[in-house]
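Student: I am new to this structure and should be grateful for a close look at a single part of it. Please choose one stretch of the chain and describe it together with its surroundings.

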Amino acid sequence: MDVTLPQAVVYGLVQGLTEYLPVSSTGHLRIVQALFGWDDPGAAFSAVIQLGTTAAVVIYFWRELVAILAGWLRGWFSRYDRHSLEFRMGNYLILATIPVSFFGLVFSDQIETGARNLWLIASALIFFALLLWVADRIGSQTRGEEEVNVTDAAAVGVAQALALIPGTSRSGATISAGMLRGLDRPTAARFSFLLSIPAVVLSGIFEARHIGEKGSAGAGVTGLATIISFVVGLASIAWLMRYVQRHSLLIFVIYRIAMGILLIALLATGVISAT
């Protein structure tokens, strides 16, 4: 399919705005494509432009990432450093990446085809909005970064695997899991963002081989969309980290449910096609 320069700009803006807000970037990319009647840019295009927003996370959290990497490496040479937060966090990020890596490989064909059905996306938008609302309401939110443990990492890792379903939202699912485990919003959001790095990089590298192939978007427009997603994503991360310090996530719950209902209405009336 052909992705034009204006389309690449729109896709980059949507990716940057929605990757780290708990509303589902892959779902919104698919919705935008359907609403405008554009050719589906495909799973490879979506996965690769996510590298732009991942670069934004790396830039925003670079000090923390350097500290985690240094602490994790020190821990392998000194048993006294194995109790540090940085060493533990490095291990937790590795552990939490395993589920999405496994299920991403096993269900890669379904993710690239049937999972992009708009009925599924609409259902996921609504269902995981309710889960986000429950987590925000009943989660104790009493534990900070120092108290993150193996069980938290495993739970958030499984939640990230669920985000392979478009419409779920990687950040929404992982933040929900963190809050249900008792983590406060900023800690859950920070862990969610850091956890996205290995998963998105692996997915982007895995799917990059399809860019430029027949039936996929070209390298030029994909690169443009990736750059735009980086710039917009950096601003989006900075805004959300400030927002969760003082506000609940109800605004995103309402938005997701409204978007899901609107999408169902458009599908039911035949305004847009599910595939």
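Tutor: Helices here are DSSP runs of at least four residues, and they are numbered from the N terminus. The model is a predicted one. With that numbering, the part to examine is the loop between α8 (150–162) and α9 (170–180), where Thr168 is placed.

Thr168 has a relative accessible area of 1%. Because buried means under 20%, Thr168 counts as buried. Its side chain is also tied to the backbone of the preceding helix: a polar atom of the Thr168 side chain lies 3.4 Å from the backbone oxygen of Leu162. Leaving aside residues up to four places away in sequence, Thr168 touches Ser24, Ala124, Phe128, Leu162, Ala163, Ala173 and Arg256. Of these contacts, Ala124 and Phe128 belong to the stretch of α7 (118–138).

The next residue, Ser169, is placed in the loop between α8 and α9 as well. Ser169 is buried, with a relative accessible area of 3%. Its backbone deserves attention, since Ser169 is not a glycine and yet has a positive phi of about 90°. A positive phi also appears at Gln141, which is not a glycine either and has a value of about 50°. Gln141 is found in the loop between α7 and α8.

The loop then gives way to helix α9, in which Arg170 is found. At 16% relative accessibility, Arg170 falls under the 20% limit and therefore counts as buried. Its contacts, not counting residues up to four places away in sequence, are Glu19, Gln50, Gln160, Ala163, Ser192, Ser196, Ala199 and Val200. Ala163 is thus touched by Arg170 and by Thr168.

These contacts lead to several helices. On the side before the loop stands α8. Its 13 residues should span 18 Å at 1.5 Å a residue, and its end C-alpha atoms are 19 Å apart, which agrees. The N-terminal end of α8 is capped by Asn149, with a side-chain oxygen 3.1 Å from the backbone nitrogen of Thr151. The buried residues of α8 are Asp152, Ala153, Val156, Gly157, Ala159, Gln160 and Ala161. When reading such a list, it helps to recall that an α-helix has 3.6 residues a turn, so residues three or four places apart point the same way. Gln160, one of the buried residues of α8, is touched by Arg170.

Gln50, another contact of Arg170, falls within helix α3 (residues 42–60). That helix has 19 residues and reaches 28 Å from its first C-alpha to its last, close to the 27 Å expected at 1.5 Å a residue. It is mostly covered, for 14 of the 19 residues of α3 are buried.

The contacts Ser192, Ser196, Ala199 and Val200 of Arg170 fall within the residue range of α10 (185–208). This helix also takes part in the empty spaces of the model. There is 1 cavity of 30 Å³ or more, with a volume of about 30 Å³. Its lining consists of Met89, Glu145, Val148, Thr187, Arg190 and Phe191. The largest share of that lining, 3 residues, comes from α10. By class, the cavity lining divides into 3 nonpolar, 1 polar and 2 charged residues.

The second largest pocket has a volume of about 240 Å³. It is lined by Leu65, Ile68, Leu69, Trp72, Gly90, Leu93, Ile94, Leu194, Ile197 and Pro198. Helices α4 (62–75), α5 (85–106) and α10 (185–208) each give two or more residues to this lining, and the largest share, 4 residues, comes from α4. This pocket lining has 9 nonpolar residues, 1 polar residue and no charged residues.

To gather the picture, the chosen loop holds Thr168 and Ser169. Thr168 is buried, Ser169 is buried, and Arg170 in α9 counts as buried too.

Note on methods
Residues numbered from 1 in each chain as written. Predicted model: local features only at pLDDT ≥ 70, side-chain atom pairs only at ≥ 80, totals over all residues. Heavy atoms only, no water. 1 Å grid on protein atoms, 1.4 Å probe; cavity = no way out; pocket = protein on both sides within 12 Å on 5 of 7 lines; lining within 4 Å. Points joined across faces, edges and corners; volume = space filled by probe spheres on them. Nonpolar A, V, L, I, M, F, W, Y, C, P; charged D, E, K, R; others polar. Buried < 20%, exposed > 50% of the residue type's maximum accessible area, 1.4 Å probe, protein only. Polar contact = N/O pair within 3.5 Å; in protein donor to acceptor, adjacent residues only side chain to side chain. Contact = heavy atoms within 4.5 Å. Expected span 1.5 Å × (residues − 1).
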